[in-house]
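Here are a few exercises on helix packing and burial. Grab the coordinates and work through them one at a time, checking each solution as you go.

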Amino acid sequence: MTDLAVLAAGFGAIPLASILLYSFRAWLDAHREVVWGGFAGVIAFLGLSHAMAFVLEGKPFLFAGNDSLGAASFLLTGLALGGLLGWFLFEGPLIRTEPASIVWATAAFLALHSFGDGLVLGRDFVGASIPVVRIDSLTVSGTVVHRFVEGALLLVPAFAARWSLRGSFVLLFVPLVSIPAAFVPGWAFDAMGLAGGSAATFALSTFLAATEASVALMLLVRGFLPIASADRGSRWIVSVMIGFIGISVVHFLVE
Ligand SMILES: [Zn+2]
């Protein structure tokens, strides 16, 4: 279990390093169409392509594969929950200012995403006597880039909302939820046995991915794209493509 603890801590803590971007906040603010456009591409990949692929791929295996209608309504609940969460953060009565609602919606998206990433990391350690995690320089650098980008994604709206250095840094603790998440598959295994534990972990991962996808869609169309496209011109479109393709390539290295 020590290996998992070390990996999970490293994996969880990488986004904290993106606080270095605080020195570049003026530049990030001055190049909104490029920065917000690029991150819109990242959100589109992580939330819509990646999470949704996981949902579609996972659906036939939910409930031991013999309750298709049950699996569909289970995932529908996840999608609806994400939509409601996104709606609440953007349109609800709690957060009144526009920049703050984007910060919190991004935090919700990254919390769901990081928890899912943690579950996947922890799952590799359950059952097998030798963990099947690949650790080579390519995988490690791919993971570092992926997690750094996630931290940056959280900081861009925080800087735009004029958050202080300390507030922005505290916000970066959100992706740390991947650390407890990495231990969930092990606990589920201890509590329910191998078959029950892995089925429960899998159901949780798929459900959270569905929720993540809906939150990502709201974040994209209500948060990042309107800001990226506010400055006229077409540079933001190029940035969206670069962000989308760039984070895809990073994932080709990791998976
Ligand atoms: Zn991730």
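**Exercise 1: the span of H6**

Work out how long H6 should be and compare that with the model. Solution: take the 24 residues of H6 at 1.5 Å a residue, which gives an expected 34 Å, and since the end C-alpha atoms sit 34 Å apart, the two agree. The expected span here is 1.5 Å times one less than the number of residues. Helices are DSSP runs (H or I, at least four residues), numbered from the N terminus. Just after H6, Arg 162 has a positive phi of about 60°.

A word on the input: this is a predicted model, where local features need pLDDT of at least 70, side-chain atom pairs count only at pLDDT 80 or more, and totals for chains, interfaces and linings use all residues. Residue numbers start from 1 along each chain as its sequence is written.

**Exercise 2: H5 against H6**

Describe how H5 and H6 pack. Solution: start with the axes, which are lines fitted to C-alpha atoms, for helices over the stretch in contact, with angles from 0 to 180 degrees between N-to-C directions. The axes of H5 (residues 98-123) and H6 (residues 137-160) come within 8 Å and cross at roughly 165°. H5 and H6 are therefore roughly antiparallel (angles over 145 degrees count as that). Next, list contacts, meaning C-beta atoms, placed from the backbone, within 7 Å. On the H5 side they include Ile 102, Val 103 and Leu 110, and on the H6 side Leu 153, Leu 154 and Pro 157. Sorted by class, you get ten nonpolar, one polar and one charged residues (nonpolar: Ala, Val, Leu, Ile, Met, Phe, Trp, Tyr, Cys and Pro; charged: Asp, Glu, Lys and Arg; polar: the others, Gly among them).

**Exercise 3: H5 against H8**

Now do the H5 and H8 pair. Solution: the axes of H5 and H8 come within 7 Å and cross at roughly 150°. That makes H5 roughly antiparallel to H8. By class, their contact has 22 nonpolar, twelve polar and three charged residues.

**Exercise 4: two residues of H8**

Is Ser 178 buried or exposed? Solution: Ser 178 lies in H8 (residues 178-228). Count its C-beta neighbours inside 10 Å: there are 29, so Ser 178 is buried (20 or more other C-beta atoms within 10 Å, with C-beta atoms placed from the backbone). Beyond four places in sequence, its contacts include Ala 8, Phe 11 and Ser 114.

Repeat for Gly 223, also in H8. Gly 223 has 26 other C-beta atoms within 10 Å, so it is buried. Past four places in sequence, Gly 223 touches Ile 102 and Ala 105.

Note on methods. Angles under 35 degrees count as roughly parallel, over 145 as roughly antiparallel, 65 to 115 as roughly perpendicular and the rest as oblique. Two residues are in contact if their C-beta atoms, placed from the backbone, lie within 7 Å. A residue is buried if 20 or more other C-beta atoms lie within 10 Å of its own, exposed if 12 or fewer, and partly exposed in between; C-beta atoms are placed from the backbone.
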